[in-house]
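Q: Please take a single part of this structure and look at it closely, in one connected account. Where should a reader begin, and what surrounds that starting point?

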Amino acid sequence: MRTIYYTASSLDGFIADSDNSLSWLLSRDIDQDGLMSFGGFRAAVGAAAVGATTYQWVLDQEGDAWDSTLPTWVFTHRAFAPRDGVTLTTDDVRVVHAAMTEAAGGKDIWLMGGGGLVGQFAEAGLLDEVWVQYAPLTLGGGAPMLPNRIEMRLEEHGQNREFLCARYRVLGPRLPTS
Ligand SMILES: NC(=O)c1ccc[n+]([C@@H]2O[C@H](COP(=O)([O-])OP(=O)(O)OC[C@H]3O[C@@H](n4cnc5c(N)ncnc54)[C@H](OP(=O)(O)O)[C@@H]3O)[C@@H](O)[C@H]2O)c1
């Protein structure tokens with residue numbers, strides 16, 4: 001069981017542009033059965049956590065197509081409508097992670113983002129891996145993939161059509177060595 005941040009990013013480390021848009025990402029070519037594709041990843045996941053802005057974005061895109069089979073914790077102070085499989089929370093990430101671990105039943109945990117929320121899990125020592133699909137562009141600004149300083153080790157990488165895919169193991173926060 002691993003806790004994984006699975007996301008796509010620009011080359012300069014942004015997961016959404018400054019208008020909170022993903023149009024730069026969704027138009028691109030990717031093999032849905034290829035390296036680090038979503039289908040294979042999703043099959044191994046048993047619970048998920050997401051920040052309010054990302055959740056709102058998914059609702060705007062998918063609406064009633066929301067995957068209620070995946071127990072999901074939404075970190076928010078907003079009053080979202082109740083939805084099957086969704087728990088709204090303001091609890092500490094450690095408390096939520098324990099509940100997600102139980103719900104996942106041995107499967108992986110997916111941190112959907114955004115970066116600030118994933119950083120809270122990382123600071124608590126609860127982030128094991130980061131999987132990134134790098135799209136071939138820079139955005140120059142937007143929502144950061146991760147705002148924290150975290151040391152990682154590259155475990156796997158390769159190409160999936162337009163994307164450079166990389167899987168990293170989190171080693172932990174490191175201080176500068178000078
Ligand atoms: N490229 C990709 O694959 C990818 C992946 C994920 C997301 N995205 C996009 O990237 C953008 C991410 O936006 P974002 O970084 O602003 O973040 P976000 O993490 O989705 O949402 C941030 C919000 O989550 C709530 N929150 C965070 N931590 C909390 C806590 N401990 N307790 C309670 N509430 C908490 C707060 O909302 P409130 O207090 O207002 O409720 C906060 O303003 C979105 O546009 C999303 O669509 C892209």
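**A loop residue, its strand and the ligand shell**

A: Serine 10 is buried, with a relative accessible area of 0%; buried means under 20%, exposed over 50% and partly exposed in between, with a 1.4 Å probe and protein chains only. This is a predicted model, in which local features need pLDDT of at least 70 and side-chain atom pairs count only at pLDDT 80 or more, while totals for chains, interfaces and linings use all residues. Residues are numbered from 1 along each chain as its sequence is written, and side-chain values use heavy atoms, with hydrogens and water left out.

Serine 10 sits in the loop between E1 and E2; helices (H or I, at least four residues) and strands (E, at least two) are DSSP runs numbered from the N terminus. The side chain of serine 10 makes a polar contact of 2.6 Å with the side chain of aspartate 12. Such a contact is a pair of N or O atoms within 3.5 Å; within protein, one atom must be able to donate a hydrogen and the other to accept it, and residues adjacent in sequence count only through side-chain atoms.

The strand that precedes this loop is itself well covered. In E1, seven of the seven residues are buried. Thr3, Tyr5, Thr7 and Ser9 point one way from the strand, whereas Ile4, Tyr6 and Ala8 point the other way. In a regular strand the side chains alternate between the two faces of the sheet.

E1 has two partners described here. It pairs with strand E6 (residues 108–111) in the parallel sense over three bridges, pairing being defined as at least two DSSP bridges between two strands. Within this pair, tyrosine 5 has leucine 111 of E6 as its bridge partner. E1 also runs parallel to E7, to which six bridges join it. In that pair isoleucine 4 is matched with glutamate 129 of E7.

E1 also takes part in the surroundings of the ligand. At least two residues of the shell come from each of strand E1 (3–9), strand E2 (14–16), helix H3 (52–62) and helix H5 (115–123). H3 gives the largest share, four residues. Among the 23 residues around the ligand, those that come nearest are Asn20, Thr54, Thr76, His77 and Gly114; a residue counts as near when one of its heavy atoms lies within 4 Å. By type, the shell divides into 11 nonpolar residues, 11 polar ones and one charged.

Three side chains can be followed to oxygen atoms of the ligand. From threonine 7, a polar side-chain atom lies 3.1 Å from a ligand oxygen. For asparagine 20, an N or O atom of the side chain is 2.8 Å from an oxygen atom of the ligand. For threonine 54, the corresponding distance is 2.6 Å. Taken alone, the ligand exposes 930 Å², of which the protein buries 78%; these areas follow the Shrake-Rupley method with a 1.4 Å probe.

H5, another contributor to the shell, has its own covered residues. Gly115, Leu117, Val118, Gly119, Phe121 and Ala122 are the buried residues of this helix. Just after H5, glycine 125 adopts a positive phi of about 75°.

From E7 the path continues to E10. Strand E7 (residues 129–134) and E10 run antiparallel and are joined by six bridges. Glutamine 133 finds its bridge partner in cysteine 165 of E10. E10 also has a second partner: strand E9 (residues 151–160) and strand E10 (residues 163–172) pair in the antiparallel sense over nine bridges. Glutamate 151 is bridged to glycine 172 of E10, and histidine 157 to alanine 166 of E10. E9 and E10 form a hairpin with two residues between them, and arginine 161 in the turn has a positive phi of about 50°.

Arginine 167 belongs to strand E10. Arginine 167 counts as buried, since its relative accessible area is 17%. A polar contact of 2.8 Å links the side chains of arginine 167 and glutamate 156.

One record bears on this region. The unreviewed UniProt entry annotates residues 5–152 as "domain: Bacterial bifunctional deaminase-reductase C-terminal", and annotations of this kind may be inferred rather than shown by experiment. In the model, the end C-alpha atoms of residues 5–152 lie 13 Å apart, and the span is 28% helix and 25% strand.

How values were computed: Nonpolar A, V, L, I, M, F, W, Y, C, P; charged D, E, K, R; others polar.
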